[in-house]
Amino acid sequence: MNLDLSKIPSHVAIIMDGNGRWAKAQGKNRLFGHKTGVKAVQKIVEESARLGIENLTLYAFSTENWKRPEKEVTILMTLLVSSLKKELKQMTENNILFNTIGDLSKLPGPVQKELKYTIEQTQNNSGMKLTLALNYGGKEELTQAFKEIAHKVKNNIISPENVDETIINKHLYTQNLPDVDLLIRTSGEERISNFLLWKIAYAELYFTEILWPEFNESHLHLAIHDYQKRERRFGKTSEQLNA
Ligand code: IPE
Ligand code: IPE
Ligand code: MG
């Protein structure tokens, strides 16, 4: 399939879903699903950088995922640390700048430490920005933003009349990211699950039945190909766009 390289979405976000169902279908435990899911992450990160996607944001752990069995949460955290350690070299080679969104203060100490280290080590890279959403929730992101703004209003740093989209954006975890162009969710579920509420306001949505551990480069191409066929009108008419 031929992708139009002049129309590569600049911000792609992915809800990586289906690790558990994939493992179950193989007669394996959920850990095996998450481990295989990490391999898919590696492939997709590398291919996204190769395609010239400027921002790739991956949903790795939601504010709601704490409700899972404690053992699974521990496994996910352990897997995160080992993957960060393993992937630093690849990120450096691919000139990838690593970042996170979400409230990291609730994550286990060793996870926070490894994240901090990876962020520091990749900060001068000038290629694709890879953002991992960890203990991230769209509602939590907006809540902490509004709280900060409220404090600033109270202390006369901002006047209520001046609160606008730019100011709200400046208080988000995603402040340095552009709006999402393409949001992909794997595993057949068609919902947002509290991901990036503000930045997906005008995103093109793409749902696929493929379970995350099986999502590969060609599936990513299919999603981008689909995106490239769409007309993004942003409220205007088709005639206006083609004038
Ligand atoms: C996505 O796969 C990984 C995380 C949410 C951490 P799931 O673990 O949600 O897999 P399913 O939805 O149970 O198949
Ligand atoms: C969304 O997947 C969160 C991540 C992919 C990290 P879930 O599997 O947790 O979503 P729901 O609960 O089925 O909506
Ligand atoms: Mg799931």
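This is a chat about the two ligands and the largest pocket of a predicted model.

Reader: Hi! Before we start, what should I know about the model and the numbering?
Author: It is a predicted model, where local features need pLDDT of at least 70 and side-chain atom pairs count only at pLDDT 80 or more, while totals for chains, interfaces and linings use all residues. Residues are numbered from 1 along each chain as written, chains are lettered from A and ligands numbered from 1 in the order written, and side-chain values use heavy atoms, with hydrogens and water left out.

Reader: Great. Which residues are around ligand 1?
Author: The shell holds Met-16, Asp-17, Gly-18, Asn-19, Gly-20, Arg-21, Arg-30, His-34, Ala-60, Asn-65, Arg-68 and Leu-76. A residue is in it if one of its heavy atoms lies within 4 Å of the ligand.

Reader: And which helix gives the largest share of that shell?
Author: That is α1, with 3 residues. Both α1 and α2 supply at least two residues each; helices here are DSSP runs of H or I with at least four residues, strands are runs of E with at least two, and both are numbered from the N terminus.

Reader: What polar contacts does ligand 1 have, say with Asp-17?
Author: An N or O atom in the side chain of Asp-17 is 2.9 Å from an oxygen atom of ligand 1. A polar contact here is a pair of N or O atoms within 3.5 Å. Arg-68 also has a side-chain N or O atom 2.8 Å from a ligand 1 oxygen, and for Arg-21 a polar backbone atom is 2.7 Å from an oxygen of the ligand.

Reader: How much of ligand 1 does the protein cover?
Author: The protein covers 86% of the 370 Å² of accessible area that ligand 1 has on its own, using the Shrake-Rupley method with a 1.4 Å probe.

Reader: Switching to ligand 2, what's around that one?
Author: Its neighbours are Ile-15, Met-16, Asp-17, Tyr-59, Ala-60, Phe-61, Asn-65, Arg-68, Arg-185, Arg-191 and Ser-193. Strand β2 (residues 55–62) gives the largest share, 3 residues.

Reader: Which side chains make polar contacts there, Ser-193 for one?
Author: Ser-193 has a side-chain N or O atom 2.6 Å from an oxygen atom of ligand 2. For Asn-65 a polar side-chain atom lies 2.9 Å from a ligand 2 oxygen, and for Arg-185 the distance is 3.3 Å. Taken alone, ligand 2 exposes 390 Å², and the protein buries 77% of that.

Reader: Where does ligand 2 sit?
Author: Ligand 2 takes up space in the largest pocket, and the space taken by ligand 1 is the largest pocket too. To sit there, more than half of a molecule's atoms must lie within 2 Å of the pocket's grid points. A pocket is an open set of points on a 1 Å grid over the protein atoms alone, where a 1.4 Å probe fits, with protein on both sides within 12 Å along at least five of seven lines; lining residues have an atom within 4 Å of a point.

Reader: What volume does it have, and what lines it?
Author: The volume is about 920 Å³, counted as the space filled by probe spheres set on the points. The lining has 39 residues, with Met-16, Asn-19, Tyr-59, Ala-60 and Phe-61 nearest the centre. Helix α3 gives the most, 9 residues.

Note on methods
Polar contact = N/O pair within 3.5 Å; in protein donor to acceptor, adjacent residues only side chain to side chain.
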